[in-house]
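Please open the structure in a viewer and keep a selection tool at hand. The stops below proceed one selection at a time.

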Amino acid sequence: MTLPRGFKANAERQAARLRAELGIAEYGRLRVELLADHLGVRIVSADRLVARERLEELERLQAYAFSAATFEIKQKAYVVTNPLRAEGRQASDIAHELSHLILEHELTEIREVNGLPFRTCRPEQEEEATALGGTLMLPRPLLLGAVRRGWGPEEIADEYGVTLEMARFRYNTTGVAKQIRRGSA
């Protein structure tokens, strides 16, 4: 699946704008909780809604069946997270869900879970939310600074509180390492 032309550049601009609104320095770590608060979104751990044992049972039955979801209740958005995930994964999941809201993705399918509407989007919108979420957490200027310091994905993941997979994804897809090697940054 391919992102629409210009999407990545717009995602970088969105990330820069939101980081500026939050007063985060170019190389600063984004705390997704602050971004959620800035956007008027409440983050709720799923174990506040259901017993942790039920989440563990779901995980045992189907690993990674649930990471995070967005609910809209009385025109207020809530991101429900899975407390079984590592901190970096939860941050990525929250950034992904917030990206759906930032991009104003429309619901294409609504399911109900215990009487509450559950939001799902089209596959291309999921890809856009993944791309914007990664950009919010690790925008290109931040990555360029990290690579100039000689950092690889492991150091980037540790410093910025994201998963190693997220750091590798952004490191590889932005081409920052190649840009530094060519001396054009």
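**Stop 1: two loop residues with positive phi**

Begin by selecting tyrosine 64, which is exposed, with a relative accessible area of 52%. The model is a predicted one. Tyrosine 64 belongs to the loop that runs between α3 (52-61) and β2. Its phi is positive, at about 60 degrees, although tyrosine 64 is not a glycine. Most residues other than glycine have a negative phi.

Next select glutamine 75, in the loop between β2 and β3. Glutamine 75 also is not a glycine, and has a positive phi of about 60 degrees. With a relative accessibility of 84%, glutamine 75 counts as exposed, the threshold for that class being over 50%.

**Stop 2: the hairpin**

Extend the selection to the strands on either side, β2 (residues 68-73) and β3 (residues 76-81), which pair in the antiparallel sense over six bridges. The hairpin of β2 and β3 has two residues between the strands, and lysine 74 there takes a positive phi near 50 degrees. To inspect one position of the pairing, display alanine 69, which stands opposite valine 80 in β3.

**Stop 3: the whole sheet**

Now add β1 (42-45) to the view. Which order do the three strands follow in the open sheet? The order is β1-β3-β2, and the pairing is mixed. β1 and β2 stand at the edges with a single partner strand each, so one side of each has no neighbour in the sheet. From one strand to the next, the twist averages 30 degrees.

The pairing of β1 with β3 is in the parallel sense, over four bridges. Select serine 45 here; its bridge partner in β3 is threonine 81.

**Stop 4: the largest cavity**

Rolling a probe the size of a water molecule over the atoms shows where empty space is left. A search of the whole structure finds one cavity of 30 Å³ or more. To locate the largest cavity, select its lining: Leu55, Leu58, Glu59, Gln62, Ala65, Phe66, Asn82 and Arg85. The largest cavity encloses about 30 Å³ of space. Classified by type, its lining has four nonpolar, two polar and two charged residues.

**Stop 5: the second largest pocket**

Move on to the second largest pocket by selecting Leu3, Lys8, Ala131, Arg170 and Thr173, which lie nearest its centre among the 15 residues of the lining. Which elements give two or more residues to this lining? They are α1 (7-22), α5 (123-137) and α8 (164-174). The volume of the second largest pocket is about 250 Å³. Its lining divides into five nonpolar, five polar and five charged residues.

**Stop 6: the aromatic pair**

Finally, show the aromatic side chains. How many aromatic pairs does a search of the whole structure find? The search finds one. A pair of aromatic rings is described by the distance of the centres and the angle of the planes. For tryptophan 151 and tyrosine 160, the ring centres are 6.4 Å apart and the planes stand at 55 degrees, so the pair is tilted.

Colour the two residues by accessibility to complete the tour. Tryptophan 151 counts as partly exposed, at 22% relative accessibility. Tyrosine 160, at 3% relative accessibility, counts as buried, a class that covers residues under 20%.

How values were computed. Residues numbered from 1 in each chain as written. Predicted model: local features only at pLDDT ≥ 70, side-chain atom pairs only at ≥ 80, totals over all residues. Heavy atoms only, no water. 1 Å grid on protein atoms, 1.4 Å probe; cavity = no way out; pocket = protein on both sides within 12 Å on 5 of 7 lines; lining within 4 Å. Points joined across faces, edges and corners; volume = space filled by probe spheres on them. Nonpolar A, V, L, I, M, F, W, Y, C, P; charged D, E, K, R; others polar. Pairing = 2+ DSSP bridges. Axes fitted to C-alpha atoms, helices over the stretch in contact; angles between N-to-C directions. Phe/Tyr/Trp six-rings, centres within 6.5 Å; stacked < 30°, edge-to-face > 60°. Buried < 20%, exposed > 50% of the residue type's maximum accessible area, 1.4 Å probe, protein only.
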